[in-house]
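Trainee: Could we go through this model together, and could you show me how each label follows from its value?
Mentor: Gladly; let's put it on the screen and start with the elements.

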Amino acid sequence: MKRLFLKYKETILYIFFGAVTTFVNLVVFKLCCLLFGSKLYLVWNVVAWVAAVLTAFFTNKLWVFESKSWEPAVLRRELPTFFGARVFSFFVEEAGLLLTVDLLGFGAWSFTLPFITVEGHDVCKVFLQVVVLVLNYIFSKLVIFKKEKDNNGTAG
């Protein structure tokens, strides 16, 4: 079991911290909708995105991709690429919300579970979080926190 974990450690940690980040995103989004009204759901998505991106940067840097350096040169490379990739996936999510909630009409329905009402924009947001999670993993793995190869061609 330990061998299997070590083989897939990065992916397992990314999924775990991706779930944490997604939880932060969804909770902040839902709280904003409940406190301030869901008509401004695209604005609340921005607020939730900021909270999630801050969570994701630190968890990805430290634990998932183990980029431990806080050197200015490293941060000058990681921060803009990380936030640039997240801005791209943010626009994918915003466009997806606009499409599914407003244009396709999923925002018009809702159902009640014990203790909470689930609205159409909530369901659309959860679906789009899966899309964003995959996009962000690809960007993080291949661009932002990629391991530099040494002279032997191995990552180090």
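Mentor: A definition to begin with: helices are DSSP runs of H or I with at least four residues, strands are runs of E with at least two, and both are numbered from the N terminus. Keep in mind that this is a predicted model. By that rule the protein chain has five helices and two strands, and from the N terminus on the order reads α-α-α-α-β-β-α.

Trainee: What span does the C-alpha trace cover along its principal axes?
Mentor: About 60 × 40 × 25 Å for the protein chain.

Trainee: Why are helix 2 and helix 3 called roughly antiparallel?
Mentor: Start with the description that applies to any packed pair: the angle between the axes and the distance between them. Helix 2 and helix 3, residues 41-64, pack at about 155°, and their axes lie 8 Å apart. The label needs an angle over 145 degrees. The value passes that cut-off, so the two helices count as roughly antiparallel. The crossing of helix 2 with helix 3 is right-handed, and their contact is made of 20 nonpolar, six polar and one charged residues.

Trainee: What are the angle and the axis distance for helix 3 and helix 4?
Mentor: That pair packs at about 145°, with the axes 10 Å apart. The crossing of helix 3 and helix 4 is right-handed. In their contact, 18 residues are nonpolar, two are polar and six are charged.

Trainee: How do you know that strand 1 and strand 2 pair?
Mentor: Pairing takes at least two DSSP bridges. Strand 1, residues 110-113, is joined to strand 2 by four bridges, so the condition is met, and the strands run antiparallel. One of the partnerships is Leu113 with Ile116 of strand 2. The hairpin has two residues between the strands, and Phe115 takes a positive phi near 80° there.

Trainee: What makes the largest cavity a cavity, while the other space is called a pocket?
Mentor: The test is escape: in a cavity a 1.4 Å probe fits but cannot get out, whereas a pocket is an open set of points. The whole structure holds one cavity of 30 Å³ or more, and the largest cavity has a volume of about 180 Å³. It is lined by 19 residues, of which Thr21, Arg86, Gln129, Val132 and Asn136 are the closest to its centre. Helix 2, helix 3, helix 4 and helix 5 each give at least two residues to that lining, which by class has eight nonpolar, nine polar and two charged residues.

Trainee: Which elements each supply at least two residues of the lining of the largest pocket?
Mentor: Helix 2 (9-36), strand 2 (116-119) and helix 5 (120-144). The volume of the largest pocket is about 180 Å³. Its lining residues include Leu26, Phe29, Ile116, Val118 and Val126.

Trainee: How do the residues of that pocket lining divide by class?
Mentor: Seven are nonpolar, one is polar and three are charged. Lys30, Asp122 and Lys125 are among the lining residues, and Asp and Lys count as charged. Thr117 also lines the largest pocket.

How values were computed: Residues numbered from 1 in each chain as written. Predicted model: local features only at pLDDT ≥ 70, side-chain atom pairs only at ≥ 80, totals over all residues. Heavy atoms only, no water. 1 Å grid on protein atoms, 1.4 Å probe; cavity = no way out; pocket = protein on both sides within 12 Å on 5 of 7 lines; lining within 4 Å. Points joined across faces, edges and corners; volume = space filled by probe spheres on them. Axes fitted to C-alpha atoms, helices over the stretch in contact; angles between N-to-C directions. Parallel < 35°, antiparallel > 145°, perpendicular 65-115°, else oblique. Left-handed = near helix turned anticlockwise from the far one by under 90°.
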